[in-house]
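Please open the model in your viewer and keep the selection panel at hand. The tour below moves from one selection to the next and says what is found at each stop.

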Amino acid sequence: MIWNELITPCVRDLAWSCFSEPILISAELDSDTANSDLLLTPGRRQWLRNLDQQPLALEQHLSALKSTRLGLYFESLWHFFIEQDPDLEMIAHNLPVREAGATLGEFDLIYANNQSGESIHLELAVKFYLGVSATNIWLGPSQRDELDLKVAHLFKRQSRLGLRPQGQAELSRLGVSHIQRRVEMKGYLFQNMQTQAGLPSGFNANNNARKWYPQSLFNQYAVGGSWWQLDRQQWFAPITEADVYQPWENRLLETRRPALVARLNEQGKEVERCFVAADDWA
């Protein structure tokens, strides 16, 4: 995996955001929608290595972010990639579609693939969901975000924005007459270590579901390991010992949200990550 070769954290995150395995196989959830087909070609691999040596352009691009929200960070990494890639051409991003003053939705990304000649509407999401007991419900750490609802929003509303008359009018204004639909959800699913909730429809087996532990069980499991608690900005690519992080102290954050932790091996490389939640979290 290319991100394991890279030193600069934001370049590792860029590689992971654009080229890691998605959580879901989009075509299994909507036959008219696909995942991103932007592959890690030898040219892109070399571009990432060069960027790792001279990351200033990416760092300056990211410095324009006024928010620490992971979704905006994720989208900004994609914007940089598409704007820099010689085979692609950015047409628009974060383009709202309105009717009578009301916002109906927003195109995350519209770009042209110069190799295929296609115009692409790509909806993006980066998510980290924990499976709740045996109910097959998947919740974000805050418990305000549910996988089923996010999937419905992405596939039944956002990805179909270009089919609505108002969306078609925006595309026509951009000179786009026909568009391909893509949905790419990156991140990880974490199964409850005790109950093993069933994986959701469309799950991509190549993504490899992780585990989450109730705190009391994790305190037993983690004995003797080198475990570190990750800041939210470290939730994307694997960490290394050169990154800034804090050791796991056998307690949860005061917010009572599950904590994401990673174990490093003797070479200082991440070999495992999991969530740790309060025993009564779900």
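In this predicted model, begin by selecting strand E3 (residues 118–132) together with strand E4 (residues 137–139), to which E3 is joined in the antiparallel sense by three bridges. Within this pairing, valine 132 has isoleucine 137 of E4 as its bridge partner.

Next, add strand E2 (residues 102–113), which runs antiparallel to E3 and is joined to it by five bridges; here alanine 112 is the bridge partner of serine 119 in E3. Four residues lie between the strands of this hairpin, where glycine 117 adopts a positive phi near 80°.

Now select strand E5 (residues 180–192), which pairs with E3 in the parallel sense over eleven bridges, and look for glutamate 123, which stands opposite valine 183 of E5. Because 14 of its 15 residues are buried, E3 is largely enclosed by the rest of the structure.

Stay with E3 and display the largest pocket, since E3 gives the most to its lining, with six residues. This pocket holds about 950 Å³ of space and is lined by 37 residues, with Leu70, Gly71, Val126, Lys127 and Arg232 nearest its centre. The lining comprises 15 nonpolar, ten polar and twelve charged residues.

Finally, turn to the second largest pocket, with a volume of about 730 Å³; among its 36 lining residues, Met1, Trp3, Trp16, Tyr188 and Arg210 are the closest to its centre. Strand E10 (270–277) is one of the elements that supply at least two residues of this lining, and E10 provides the largest share, five residues.

Methods:
Residues numbered from 1 in each chain as written. Predicted model: local features only at pLDDT ≥ 70, side-chain atom pairs only at ≥ 80, totals over all residues. Heavy atoms only, no water. Buried < 20%, exposed > 50% of the residue type's maximum accessible area, 1.4 Å probe, protein only. Pairing = 2+ DSSP bridges. 1 Å grid on protein atoms, 1.4 Å probe; cavity = no way out; pocket = protein on both sides within 12 Å on 5 of 7 lines; lining within 4 Å. Points joined across faces, edges and corners; volume = space filled by probe spheres on them. Nonpolar A, V, L, I, M, F, W, Y, C, P; charged D, E, K, R; others polar.
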